[in-house]
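User: I would like to go through a model with you, one topic at a time. Short answers in plain sentences will do.

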Amino acid sequence: MKRLIFSILLCANFYGTSQDLFTLSGTVFENQGNETLIGANIIIDELKTGTISNEYGFYSITLTKGVYEFTISNVGCLTIKETIILDKDIIRDFTLLEATEALEEVLIETNIESLNIRTPQMSVNSLTASSIKQIPVVFGEADVIKAITLLPGVSSGGEGAAGFNVRGGAADQNLILLDEATIFNSSHLFGLFSVFNPDAIKSLKLYKGGVPAKYGGRVASVLDIYQKEGNKNEFKANGGVGLVASRLLLEGPLKKGVGSFLLGGRATYAHLFLPLFDVNNIAYFYDLNSKLSYKLNKKNSIYLSAYFGRDVFNVSNSFENTYGNTVVNFRLNHLFNDKLFSNLSLIYSDYYYGLNLNFVGFEWNSGIQNMNIKYDFNQYINNRYKLEYGLHSTYYRFNPGVIGPNRSDSGINTEALTNKFAFENAIYLDIKHQLSERLTVSYGSRLSSFLRLGQKELNLYENNQAVGYNTDLQLYEEINPIGSESSTTNKVIKSFLNLEPRLAISYKLDDNTSLKTSYNRMTQYLHLISNTSSPTPLDVWTPSGKYIQPQILDQIAIGYFKRYNKYDLEIESFYKKTKNRIDYIDGANLIANKAIEQVLLNGQSRAYGFELLFRKNKGRFKGWFAYTLSKSEQQTKGLNASDPGINNGNWYNTPYDKTHDISITSSYDLSDKWKLNANFIYQTGQPTTYPNGQYEYNNLIVSTFESRNSSRLDAYHRFDISGTYTPKKNKDKQWKGEWVFSIYNLYNRKNTQSLNFRENQDTGQNEALKLSLFGAIGAVSYNFKF
């Protein structure tokens with residue numbers, strides 16, 4: 001990699017030696033330096049070229065000596081123009097003012113759009129916090145995860161389902177980052193809310209394909225979220241009060257113009273009223289966001305951010321479930337010179353799951369912790385070359401579960417499943433290269449390694465085979481180990497090394513039209529052990545090792561992108577295939593399983609589809625139409641030629657296969673006081689497996705089942721509306737407020753969450769029992785800021 005970087009630098013320096021080159025660099029801020037802006041555009045109009053600010057607002061562009069007019073813009077801010085005489089290296093910070101309500105029509109101009117058209121990055125969607133807050137959701141609480149499921153290629157497992165699925169992938173195949181720290185469970189209350197406080201969000205970007213080389217560890221998508229830094233000049237507060245939850249965000253300067261703090265919190269309180277209705281159950285969550293930022297000098301800035309969240313679910317004091325995420329991240333930004341920017345991150349992340357079963361007298365605790373160091377560099381060679389490179393190293397500790405007594409008379413003995421340990425390391429290089437006025441490419445690679453470390457007890461099997469096929473019973477069964485081995489954590493018991501190339505190409509047909517294509521390979525070394533269609537807190541993460549291979553994905557995509565004044569059109573088609581996707585034998589026990597390898601079968605999955613996004617960005621009426629036509633399948637062959645595998649070795653639908661997925665999202669500015677919002681969702685029903693017969697064996701009724709996931713639940717659809725009322729503003733008053741009225745599932749559709757079968761005790765006949773979570777739900781909330 002060093003030789004490759006040297007060759008590129010040599011070529012790039014040769015490119016610029018024939019003329020005098022000077023660099024303009026600096027930071028782009030919003031509202032008098034309150035927040036740095038991610039993805040702000042800095043454009044030279046006459047050259048039709050430019051650059052974009054990075055995750056910390058830094059930009060750099062190198063040009064020949066001359067006088068240039070620069071256009072600086074960002075979505076939701078007023079565009080500014082500035083003429084600069086570039087006859088020496090210049091450091092210049094820009095400040096963009098937030099567009100006032102009277103100026104909401106001021107958006108990105110045509111020359112800015114042409115840069116986005118030329119950028120090779122595709123299969124990416126961004127949402128602002130203001131857009132997320134406008135989308136009607138259950139109980140009226142703005143929700144990041146529910147918002148991104150309205151985008152093409154993204155779906156959910158239904159109402160009350162945790163996580164999200166991208167292009168037919170599983171929820172555990174999504175890398176979710178909050179200020180660069182990994183979030184292992186993105187949901188509160190089993191999927192009713194997300195863990196992200198929309199008031200604290202600065203930017204959100206979802207990568208579905210063409211993923212840059214700096215990201216790795218998951219094979220479906222990357223959801224990259226950054227928190228606000230806090231106001232460096234004055235104290236501000238905002239929040240909201242709803243029917244089931246409230247939130248408050250405080251921010252202000254540590255030292256005016258130099259440092260800032262941010263502190264936010266959310267909590268639900270509906271459970272406080274349940275005793276009034278003689279309900280002994282409890283379900284609530286709370287979370288805290290915090291961030292400190294401080295500029296040490298012109299070249300160094302530090303950040304300390306943290307998140308803590310907990311969910312508590314209690315049923316009549318006999319069953320209590322507690323789970324949540326904790327993350328802490330320290331970052332140091334250093335500017336070596338006007339062309340080389342670096343960020344060093346030290347990150348701790350923890351996901352905890354606890355269960356108390358008071359009626360039987362035992363408790364269960366499990367979780368996953370990791371410590372991560374990242375050192376990333378942005379190097380701006382000239383206006384045609386930009387390098388991104390760095391190294392990442394992560395240490396994992398997996399606690400599959402510890403069972404013990406929670407009272408003295410329980411009779412339960414303490415028992416711990418074997419802890420597992422691993423190291424994941426990576427180095428990467430990404431090159432963004434403008435070859436010509438029309439052709440721009442991004443190419444690079446990520447070299448990842450995974451070291452499975454020693455543990456107290458590791459089962460050994462004959463021929464390393466933990467699962468066998470019983471030809472008499474015609475079913476898979478667990479194989480008893482022939483022994484075990486123990487080793488210390490400083491010993492590597494299994495290692496993996498994978499090269500993950502990335503490529504993206506953009507060809508500009510004209511200033512408003514381009515064709516793009518991308519290819520990426522990604523490797524995932526962690527697996528979520530779950531046999532449900534969406535994650536639950538009870539699911540356990542496990543690392544690759546002697547009996548579980550890492551998942552390896554190859555994805556290609558091609559797209560057409562067009563901008564028409566007020567409208568955007570994006571059309572993409574994709575195909576991806578994943579090796580080593582695990583599935584489970586029939587009747588697999590996944591909870592507190594000491595030898596999880598005994599119930600796993602190795603397979604492969606594939607997904608392909610077509611995505612369309614048509615968006616209107618300007619005017620009183622705005623919104624988008626998203627449509628996805630796709631197929632997601634899995635194939636799990638037998639251990640050898642003598643056994644059938646799952647579904648006789650044929651391809652079968654994954655639980656996330658949704659043939660048709662339609663989302664319509666709209667907003668209308670009715671007046672200065674009223675804004676109306678609505679969205680409609682339609683999805684093909686979720687695949688499922690039904691019983692197709694039964695027989696009697698030893699006086700027991702045994703059910704037989706059809707091929708795996710060969711049937712479907714009913715189609716899912718609903719229509720949501722909301723209205724935001726903003727009272728007449730008084731410029732002399734610091735307090736500003738708005739009322740939000742919403743109805744979720746307006747026409748009271750009873751969408752099927754699950755379908756179970758049982759014997760009717762009165763008639764003796766078998767019957768199906770349909771479970772639906774929500775009908776129509778109205779909500780009202782009040783948002784404020786001062």
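User: Where is the place of Ile183?

Analyst: Ile183 sits in the loop between β14 (181-182) and β15 (187-188); helices (H or I, at least four residues) and strands (E, at least two) are DSSP runs numbered from the N terminus. This is a predicted model, in which local features need pLDDT of at least 70 and side-chain atom pairs count only at pLDDT 80 or more, while totals for chains, interfaces and linings use all residues. Residues are numbered from 1 along each chain as its sequence is written, and side-chain values use heavy atoms, with hydrogens and water left out.

User: Does Ile183 count as buried or exposed?

Analyst: Ile183 counts as buried because its relative accessibility is 4%. Buried means under 20% relative accessible area, exposed over 50% and partly exposed in between, with a 1.4 Å probe and protein chains only.

User: And what does Ile183 touch, not counting residues up to four places away in sequence?

Analyst: Ile176, Leu178, Val195, Phe196, Asn325 and Val327 touch Ile183 beyond that window, a contact being heavy atoms within 4.5 Å. Ile183 and Tyr307 are separated by 124 residues in sequence, and their C-alpha atoms are 9.7 Å apart.

User: Next, the largest nonpolar core. Which residues touch the most other members?

Analyst: Ile148, Phe164, Phe196 and Leu223 do, in a core of 42 residues. Such a core is a set of buried Ala, Val, Leu, Ile, Met, Phe, Trp, Tyr and Cys residues joined through side-chain atoms within 4.5 Å.

User: Which elements supply at least two residues of this core?

Analyst: They are α4 (144-148), β13 (174-178), β17 (201-207), β18 (221-227) and β42 (621-635). The most comes from α4, with four residues.

User: What is Phe164 in contact with, leaving aside its neighbours within four places in sequence?

Analyst: Its partners beyond that window include Ile145, Ile148, Thr149 and Val154, as well as Ala170, Ile176, Leu206 and Leu223. Polar residues also contact Phe164, among them Ser155, Asn174 and Ser221.

User: Changing topic: to how many salt bridges does the count come?

Analyst: The count comes to 31, a salt bridge being a side-chain nitrogen of Lys or Arg within 4 Å of a carboxyl oxygen of Asp or Glu. One of them joins Glu611 and Arg167, with N and O 2.8 Å apart. Glu611 belongs to strand β41 (residues 600-616) and Arg167 to the loop between β12 (165-166) and β13, so the pair ties together parts that are 444 residues apart in sequence.

User: Is Glu611 buried or exposed? And what about Arg167, buried or exposed?

Analyst: Glu611 is buried, at a relative accessible area of 3%, and Arg167 is buried as well, at 2%.

User: Which residues are joined into one network by salt bridges that share partners?

Analyst: Within that network, Lys232 bridges to Glu229, the closest N and O atoms being 3.2 Å apart. Lys232 is buried at 10% relative accessible area, and Glu229 is buried at 2%. The full network consists of Glu35, Lys202, Glu229 and Lys232.

User: Now Asp720. Which strand is the place of Asp720?

Analyst: Asp720 is in strand β50 (residues 716-725) and counts as buried, since its relative accessibility is 0%. The side chain of Asp720 makes a polar contact of 2.8 Å with the side chain of Asn679; this term covers N or O atoms within 3.5 Å, where within protein one must be able to donate a hydrogen and the other to accept it, and residues adjacent in sequence count only if both atoms are side-chain atoms. A polar atom of the Asp720 side chain also lies 2.8 Å from the backbone nitrogen of Asn745.

User: Last, the phi angles. Near what value is phi of Asp179?

Analyst: Phi of Asp179 is near 50°, a positive value in a residue other than glycine. Asp179 lies in the loop between β13 and β14 and is buried at 1% relative accessibility. Asn463, also not a glycine, has a positive phi of about 60°. Asn463 is in the loop between β31 (458-460) and β32 (467-470), and is exposed, with a relative accessible area of 68%.
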